[in-house]
Amino acid sequence: MTAYKKVEDRRNSELIDEKMMQMLQDNFCAANGMYAFCLGTEEGLITKSYGTKEEQDYFRGRIPQEAYRSLIERTKDSTIEEVVEAELPQKELKLCAVSTRIEGKTQIIWVIAAIIEEELHEGNRPPEYMMTTTELRFLRSVEFLESLSKLMFAFKLDELIAQEAMQKSAASEERMEKQLYRSETMTRILMLLESEKAFGSIVNEILELACKALSVSCAALIRKNTENGSLDMICEYAGENAQSRMAEFQGVSAEEAPFFTGRQYIISSDTARLPQFERFFQNYELTAGIFQPLELNGAALMYLCFGICGKQRNWELTDIEFLNDVKRVIQSILTKRLAKNSLASSYASLEEILENVGCGIYVLDAEQEKILYSNQKFKNLLSKNIERGTVNQLLFSQQKPITTKFYDEVYSVEENR
């Protein structure tokens with residue numbers, strides 16, 4: 001893409017300075033005894049026609065509008081000529097158009113009219129208030145205007161390209177800073193995977209970090225009660241332009257949260273919303289939102305919600321990717337906590353079983369000569385050895401096989417009882 005193409009769609013007022021064009025035209029006409037106006041190929045009339053009403057009426061009475069239209073169309077269509085002259089029946093009148101092109105595209109057209117002194121005689125002499133010029137001066141002046149106009153637009157274009165480059169550089173730097181901040185935030189979030197804090201405390205911290213990194217107004221973790229199907233907000237972050245909803249979002253009917261379907265919803269400010277979502281957004285003063293399901297034992301019983309309040313937001317791909325990573329971290333923490341609780345529950349059940357069997361049970365680390373576990377029956381059977389501190393000698397003796405020595409001791413204990 002060429003440099004011009006990159007700025008082609010910018011506002012034409014940035015490339016065409018109407019005040020400067022008017023000043024250039026008026027000075028040119030006054031200095032060279034000519035009359036002119038300027039047209040933009042898309043904007044229409046850019047400058048006011050030079051001259052008084054009487055001077056303009058003089059040309060209107062002698063040059064028909066069709067001659068102007070035909071000249072302008074010929075100039076627009078011409079890909080070679082930059083100066084196009086109209087053929088007029090009056091030899092003393094000159095009418096031409098000068099196009100200014102940038103990289104092959106016509107930007108403006110100067111329309112110039114003049115009265116040539118060499119062709120004047122008693123029958124066609126204009127009123128005294130009309131300016132006149134010579135044939136040579138007319139040609140040189142038109143050539144000068146053509147060159148000056150090109151230089152002016154080239155300079156303005158270079159200025160716009162330089163501004164665009166600076167803006168692009170600033171935008172690139174801003175994007176890099178934003179990406180760096182998000183990367184640092186994600187690192188901090190990942191570190192919470194190993195945190196021993198309570199689940200709710202960890203999630204609150206993650207929500208705050210994520211919202212600040214993305215300039216998101218609010219976020220929440222909502223849980224569905226398996227008994228009655230109602231919804232409770234268990235974690236929340238409320239930032240700028242957002243108010244806390246924790247107290248009111250307890251025991252809420254599932255019908256009030258249309259996103260609780262097991263699917264992910266990404267809703268920008270310009271997204272057409274279904275009526276149920278429209279009501280939800282109005283009730284909680286949202287303009288955009290992302291709703292992500294979290295699974296518990298294979299079912300979507302929690303939702304991670306991010307919302308925008310008080311301003312418009314159209315989600316970008318990088319926003320969605322970042323929040324998907326946040327969701328995965330929270331899902332991992334949740335899965336890990338569930339597994340840990342399940343394992344702890346299994347250990348408790350196993351210990352209860354081992355404590356209620358009718359025999360003594362113990363677990364040894366033979367290499368380290370340590371008792372890793374022993375139930376109460378074991379402790380009762382070897383209570384005297386425990387009191388004397390000879391349990392290790394008994395269990396780890398090299399004189400007899402452990403089982404033989406152990407059963408000898410147990411047998412003698414039972415007989416003494």
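Two residues are in contact when heavy atoms lie within 4.5 Å, and that is how a helix comes to be described below as lying across strands. With that in hand, open the model, which is a predicted one, and let us walk through it.

**The whole protein**

Start with everything shown. The protein has 417 residues, and 41% of them count as buried. Its secondary structure comprises 13 helices and 13 strands. If you switch on the surface, you are looking at about 24,400 Å² of accessible area, with 51% of it belonging to carbon and sulfur atoms. Contacts also reach across the sequence: of those between residues at least 6 apart, 55% join residues at least 24 apart.

**First stop: the five-stranded sheet**

Select residues 35-40, which are strand β1, and residues 105-115, which are strand β5; the two run antiparallel and are joined by six bridges. Zoom in on cysteine 38 and you will find its bridge partner in β5, tryptophan 110. Now add the rest of this open sheet, whose five strands follow the order β2-β1-β5-β4-β3 with antiparallel pairing. At the edges stand β2 (44-45) and β3 (83-85); each has a single partner strand, so one side of each is left without a neighbour in the sheet.

Next, bring in the helices that cover these strands. Select 65-77 for helix α5, which lies across β1, β3, β4 (93-102) and β5 and runs at about 30° to β4. Then select 135-191 for helix α6, which lies across β3, β4 and β5, at about 20° to β4.

**Second stop: an arginine in helix α6**

Stay on helix α6 and pick out arginine 182. Is this residue buried or exposed? Arginine 182 has a relative accessible area of 6%, and because buried means under 20%, arginine 182 counts as buried. Show its surroundings: leaving aside residues up to four places away in sequence, arginine 182 touches Ala213, Leu214, Thr318, Asp319 and Phe322.

**Third stop: the six-stranded sheet**

Move on to another open sheet, in which six strands are ordered β8-β7-β6-β11-β10-β9 and pair in the antiparallel sense. Colour β8 (250-252) and β9 (265-267) to mark the edges, where each strand pairs on one side only. Turn the sheet as you look along it: from one strand to the next, the twist averages 25°.

Inside this sheet, select residues 288-296 for β10 and 299-308 for β11, an antiparallel pair with nine bridges. Here glutamate 295 stands opposite alanine 300 in β11.

Two helices belong in this view. Helix α7 (residues 199-214) lies across β6 (218-224), β7 (231-238) and β11, running at about 50° to β7. Helix α8 (residues 275-283) lies across β9 and β10, and its angle to β10 is about 105°.

**Last stop: the aromatic rings**

Finally, show the aromatic side chains. How many aromatic pairs does the whole structure hold? A search finds 15. For one of them, select tyrosine 58 and phenylalanine 59: the ring centres are 5.6 Å apart and the planes meet at 85°, so this pair is edge-to-face. Tyrosine 58 is buried, at 5% relative accessible area, and phenylalanine 59 is also buried, at 5% relative accessibility.

To finish, select Phe249, Phe259, Phe260, Phe280, Phe281, Tyr284, Phe291 and Tyr303, which together form one aromatic cluster.

How values were computed
Residues numbered from 1 in each chain as written. Predicted model: local features only at pLDDT ≥ 70, side-chain atom pairs only at ≥ 80, totals over all residues. Heavy atoms only, no water. Pairing = 2+ DSSP bridges. Helix = DSSP H or I, 4+ residues; strand = E, 2+ residues; numbered from the N terminus. Axes fitted to C-alpha atoms, helices over the stretch in contact; angles between N-to-C directions. Buried < 20%, exposed > 50% of the residue type's maximum accessible area, 1.4 Å probe, protein only. Areas by Shrake-Rupley, 256 points an atom, 1.4 Å probe, with all protein chains shown as cover. Phe/Tyr/Trp six-rings, centres within 6.5 Å; stacked < 30°, edge-to-face > 60°.
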